[in-house]
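The following exercises concern strand pairing, helix packing and internal space. Please work through each task before reading its solution.

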Amino acid sequence: MQRRSGQADDPSPAMPKTEAATGPPGAASPLVSWHSDLLAWVDQLGWLRPLNDWLTGVLGPFRERYQDNLALELMHGGRWIGHPLHPALSDLPIGLWTGAMVLDAVDSGPPPRSGIDAAGMLNAAGILAAGATVVTGLTDWAVSGDQDRRVGLFHGLLNTAALGLQCAALGTRMAGHRGTARALGAAGLTITVAAAYLGGHLVFTKGVMVSRVAWATGPRRWTRALPEADMPDDSPTAVEVEGRQVMLYRHDGSLYALDNICSHAGGLLSRGTVADLAVTCPLHGSRFSLADGCVARGPASQPQPVLPTRIRNGWIEVRGSQPAPRRPAPGRT
C-alpha cells in the first residue's frame, strides 16, 4: 500500500512496487508441508472410504470371533515378541527386491537357458516374504481406527500393486525377457518405497502400534485419588491424579490401580469389563491382569503400568512407578 499525505488531491510519490504477500506470516512453505498435504489428499479420496468401510465390516467380525486364537495374536507379535511383527517382516521384501535390482544392474551376461538367475531367486524370495508381510499387516490394520485405518488401507493397496508388479517381473524373467523384468521390478520397488513412507508416517507421526503409556511415571509422591467411601466394589473407577488417568478397582478388600490408558491404542480401561481380576479394553479386546498389568490377551504387546495404592486418613492414595528422591534433612549433606 502506498503512503499518502492525507489529502485527497495530493499526488503520492512514486514508490517501488512490492510483491503481495501470498500467505500469513510464518506460513509453511510447500517444501515442508507437502507430506501433510499428501496425507490429507489420501484421506479425502472418495473411493477409499467405502472400500475401508466394506473391508472393516468383513475383517472386524472375524477378528472379534477369533481374538482368543493364539495364531491371530502371534500375527500381531503380541506379548511373546513385545512389539508388532509386521514392521520387521516388511524389511525382508524391500531388501530382497533391492538386492535383485542391484544384481540386475551389475549383471550384463546372457540370461540362463533354463530356470532363473540369482536376481530372479531374490525376486521370488521377496514375493514369499511379502505374503507373510501382507497377513501380519492386515491383522494390525484391523485394530487401527479412523484416519489411520484409511491411510493404512492406501498403504496396503500400494504394496499390493507393487507385489503384482514383482510377480509379473518374475514371470517375464522366467520367460527370458530380462529387460522387461528389470523394468517391472524397478517400478514395483519404487511403489514399495512410496508405501513404506506411508507406513513410516503411521508409526512415527501418528504413533500407530506404539505403547501409549511408555512415558507414564507420575505422580512421584503419594497423592490422594478418591475418598475411600466413594470407591465401589467390583466396579472399574476412573480418576485423574496429577494429570495421569488411573483406573481403580476393589475386590474382596484388595485395591488395584492401573494406568487407565490402554498401552495398545489408548482405549479407556475403566469402560471395559473385569473378569477373573483381568480387565478387557473396550476398544480392541486387549486384556490385562489387575495384579501385575501383564498382557493376558492381545493385540496389546506391552504390559499395563501398575500403580502402588494405600489408604490413608480415609483417602485412597496412589503413587507412580518412580517415586521422587528423598530430600536431605536440614543440616545434612
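**Exercise 1. Identify the residue of β10 that stands opposite P227, and derive the sheet around this pair.**

Solution. Step 1: P227 stands opposite W315 in β10. Step 2: a second pair in this region is L226 with its bridge partner I316 in β10. Step 3: these residues belong to an antiparallel pairing of strand β1 (residues 223-227) with β10, made over four bridges. Two strands pair if DSSP finds at least two bridges between them. Strands are DSSP runs of E with at least two residues and helices are runs of H or I with at least four, both numbered from the N terminus.

The model is a predicted one, in which local features need pLDDT of at least 70 and side-chain atom pairs count only at pLDDT 80 or more, while totals for chains, interfaces and linings use all residues. Residues are numbered from 1 along each chain as its sequence is written, and side-chain values use heavy atoms, with hydrogens and water left out.

Step 4: on the β9 side, strand β9 (residues 309-312) is joined to strand β10 (residues 315-318) by four bridges, again in an antiparallel run. T309 has V318 as its bridge partner in β10. Step 5: the hairpin of β9 and β10 has two residues between the strands, and N313 takes a positive phi near 55 degrees there. Step 6: the result is an open sheet of three strands in the order β1-β10-β9, with antiparallel pairing. Because β1 and β9 each have a single partner strand, they stand at the edges, and one side of each is left without a neighbour in the sheet. Neighbouring strands of this sheet are turned by 35 degrees against each other on average, direction ignored. Such angles run from 0 to 180 degrees between N-to-C directions, and axes are lines fitted to C-alpha atoms, for helices over the stretch in contact.

**Exercise 2. Establish the strand order of the sheet that contains β3.**

Solution. Step 1: strand β3 (residues 244-251) is joined to β4 by six bridges, and the two run antiparallel. Step 2: one such pair is V246 with D259 of β4. Step 3: the open sheet has three strands in the order β2-β3-β4, paired in the antiparallel sense. The edge strands, β2 (237-241) and β4 (254-259), each pair on one side only.

**Exercise 3. Describe how α5 and α8 pack against each other.**

Solution. Step 1: two packed helices are described by the angle between their axes and the distance between the axes. Step 2: the axes of helix α5 (residues 86-106) and helix α8 (residues 178-205) come within 10 Å and cross at roughly 145 degrees. Step 3: the contact (heavy atoms within 4.5 Å) is made by I94, W97, T98, M101 and D104 of α5 and by R182, A186, L189, T192 and A196 of α8. Step 4: sorted by class, this contact holds six nonpolar, two polar and two charged residues. Here Ala, Val, Leu, Ile, Met, Phe, Trp, Tyr, Cys and Pro count as nonpolar, Asp, Glu, Lys and Arg as charged, and the others, Gly among them, as polar.

**Exercise 4. Characterise the largest pocket and the largest cavity.**

Solution. Step 1: on a 1 Å grid over the protein atoms alone, a cavity is a set of points where a 1.4 Å probe fits but cannot get out; a pocket is an open set with protein on both sides within 12 Å along at least five of seven lines; lining residues have an atom within 4 Å of a point. Grid points are joined across faces, edges and corners, and a volume is the space filled by probe spheres set on the points.

Step 2: the largest pocket has a volume of about 1200 Å³. Of its 50 lining residues, H86, P87, G137, D140 and H155 are the closest to its centre. The largest share of this lining, 10 residues, comes from α7.

Step 3: the largest cavity has a volume of about 50 Å³. Its lining consists of R63, Q67, L72, E73, H76, R297, G298 and P299, and helix α3 (residues 70-76) gives the most, with three residues.
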